Amino acid sequence: MVGLSGTATEVSELGASAETLSEQTKFCIGRLRSVECELQRPDLSGQPKEKLAAVLVLLYEKAGELRVVLTTRSKLLRTHPGQTALPGGKVDESDSSLIDTAFREAHEEVGLPLNCANVHKLCVLRPFLSASRLIVTPVVALLTDVGLLADLSPCVGEVDRIFSHPLEAILDPQLAGNEPLVAKGTEDWPYSQDYHSISDIVVEADTSVVYRMHRFRSCASPIKGLTADILIHVAEIAYHKKTSYERHPLGHAGPASYLFDPHMS
């Protein structure tokens with residue numbers, strides 16, 4: 001885990017909108033804002049633009065807890081149809097930065113307004129490497145006007161559904177027990193476990209890596225794969241604690257293989 005000294009006082013730059021946040025949320029936001037100052041991100045300037053992508057981890061508070069905005073990809077898409085995703089996609093020639101990419105894609109996919117005064121960038125995290133070898137950079141932001149959620153609209157042909165999930169439940173899946181979860185034994189949760197399912201997969205790259213696939217039951221499609229990995233990372237930073245389950249396979253608890261390493265690309 002990243003060792004940080006973030007405090008609730010660091011949300012003061014958000015202005016009056018921060019005054020109504022719970023103390024726990026203020027703590028989480030303070031830690032996420034602090035991480036950018038202490039984090040060493042790899043230089044991606046030498047990477048081909050077609051390999052670069054960004055996703056938006058859009059957080060908001062409801063009933064004193066942080067939630068994250070997610071989408072179910074259209075079943076008409078060629079890649080990852082029907083799977084849960086964070087709004088995002090590949091870098092476009094018009095993008096001046098990976099931050100621009102994340103917000104542009106969120107605008108196109110779910111209708112999040114661009115340059116919105118109620119959306120505050122909190123941090124940009126180290127990139128992850130997707131199964132298709134895309135270098136995916138998470139951009140974390142906070143929505144302080146939850147009324148905007150009602151105006152979000154899925155892009156026809158790209159997104160089938162917009163939903164949310166409590167961020168802390170990514171660390172302790174049983175916290176999702178009060179959510180309107182999909183029924184067990186259905187297409188969206190065919191697993192025997194109540195809230196969280198894992199499987200270990202050997203991935204052949206430059207060397208053999210054992211990758212632990214995490215799946216979280218939600219009110220829509222399961223949260224899994226790269227999306228789950230990113231959210232685990234965000235939640236560990238925000239709440240300053242580890243998962244209630246074994247994050248990595250036995251004997252593979254070293255540096256996370258899903259974080260992009262420029263020396264191994």
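Buried means under 20% relative accessible area, exposed means over 50%, and partly exposed is what falls in between. Keep those cut-offs handy, because E23, at 54% relative accessibility, counts as exposed by them. The model you're looking at is a predicted one. Its chain has three helices and eleven strands, and buried residues make up 49% of its 265 residues. Here's a tour, topic by topic.

**The overall layout**

- Starting at the N terminus, the elements come in the order α-β-β-β-β-α-β-β-β-β-β-β-β-α.
- Take the contacts between residues at least 6 apart in sequence: 64% of them join residues at least 24 apart.

**Strands side by side**

- β9 and strand β10 (residues 208–216) pair up in the antiparallel sense, with nine bridges between them.
- Want one spot to look at in that pairing? Find V202, which stands opposite V210 in β10.
- β10 also pairs with strand β11 (residues 223–224), again in the antiparallel sense, this time over two bridges.
- In that second pairing, F216 has I223 in β11 as its bridge partner.
- To get from β10 to β11, the chain makes a hairpin through six residues.

**Salt bridges**

- How many salt bridges are there? The count comes to twelve.
- One of them joins E23 to K26, with the closest N and O atoms 3.5 Å apart.
- Both E23 and K26 sit in helix α1 (residues 23–38), and they are three residues apart, which is about one turn of the helix.
- The two ends of that bridge have different surroundings: E23 is exposed at 54% relative accessibility, whereas K26 is buried at 15%.
- Another bridge brings together the side chains of R67 and E65, at 3.2 Å from N to O.
- R67 is buried, with just 8% relative accessibility, while E65 is partly exposed at 30%.
- K75 and E187 make a salt bridge too, and their closest N and O atoms are 3.4 Å apart.
- That K75–E187 pair links distant parts of the chain, 112 residues apart: K75 is in the loop between β2 (65–73) and β3 (84–85), and E187 is in the loop between β8 (159–166) and β9 (196–204).
- Are K75 and E187 buried or exposed? K75 is exposed, at 55% relative accessible area, and E187 is exposed as well, at 65%.
- Salt bridges can also share partners, and that is how D95, R104, E105 and E108 are joined into one network.

**A buried charge without a salt bridge**

- E109 is found in helix α2 (residues 98–110).
- E109 is buried yet has no salt bridge.
- Why not? A salt bridge needs a side-chain nitrogen of Lys or Arg within 4 Å of a carboxyl oxygen, and the nearest side chain of opposite charge, R73, is 5.7 Å away from E109.
- E109 does have a polar neighbour, though: the backbone nitrogen of G88 lies 3.4 Å from a polar atom of the E109 side chain.
- Setting aside neighbours within four places in sequence, the contacts of E109 are L86, P87, G88, S153, P154, C155, E158 and V159.

**Cysteines**

- A disulfide is a covalent bond between the sulfur atoms of two cysteines.
- How many disulfides does a search of the whole structure find? The search finds zero.
- As for the cysteines, C116 is buried, with a relative accessible area of 18%, and C155 is partly exposed, at 22%.

**Backbone angles worth a look**

- Most residues other than glycine have a negative phi.
- A63 has a positive value, with phi near 55°.
- You'll find A63 in the loop between β1 (52–62) and β2, where A63 counts as exposed at 81% relative accessibility.
- H240 has a positive phi as well, near 55°.
- H240 lies in the segment after α3 (225–239) and is partly exposed, with a relative accessible area of 39%.

Note on methods
Residues are numbered from 1 along each chain as its sequence is written. This is a predicted model: local features need pLDDT of at least 70, side-chain atom pairs count only at pLDDT 80 or more; totals for chains, interfaces and linings use all residues. Side-chain values use heavy atoms; hydrogens and water are left out. A disulfide is a pair of cysteine sulfur atoms within 2.5 Å. Buried means under 20% relative accessible area, exposed over 50%, partly exposed in between (1.4 Å probe, protein chains only). Helices (H or I, at least four residues) and strands (E, at least two) are DSSP runs, numbered from the N terminus. Lys and Arg count as positive and Asp and Glu as negative; His and the chain ends are not counted. A polar contact is a pair of N or O atoms within 3.5 Å; within protein, one must be able to donate a hydrogen and the other to accept it, and residues adjacent in sequence count only if both atoms are side-chain atoms. Contact means heavy atoms within 4.5 Å. Two strands pair if DSSP finds at least two bridges between them.
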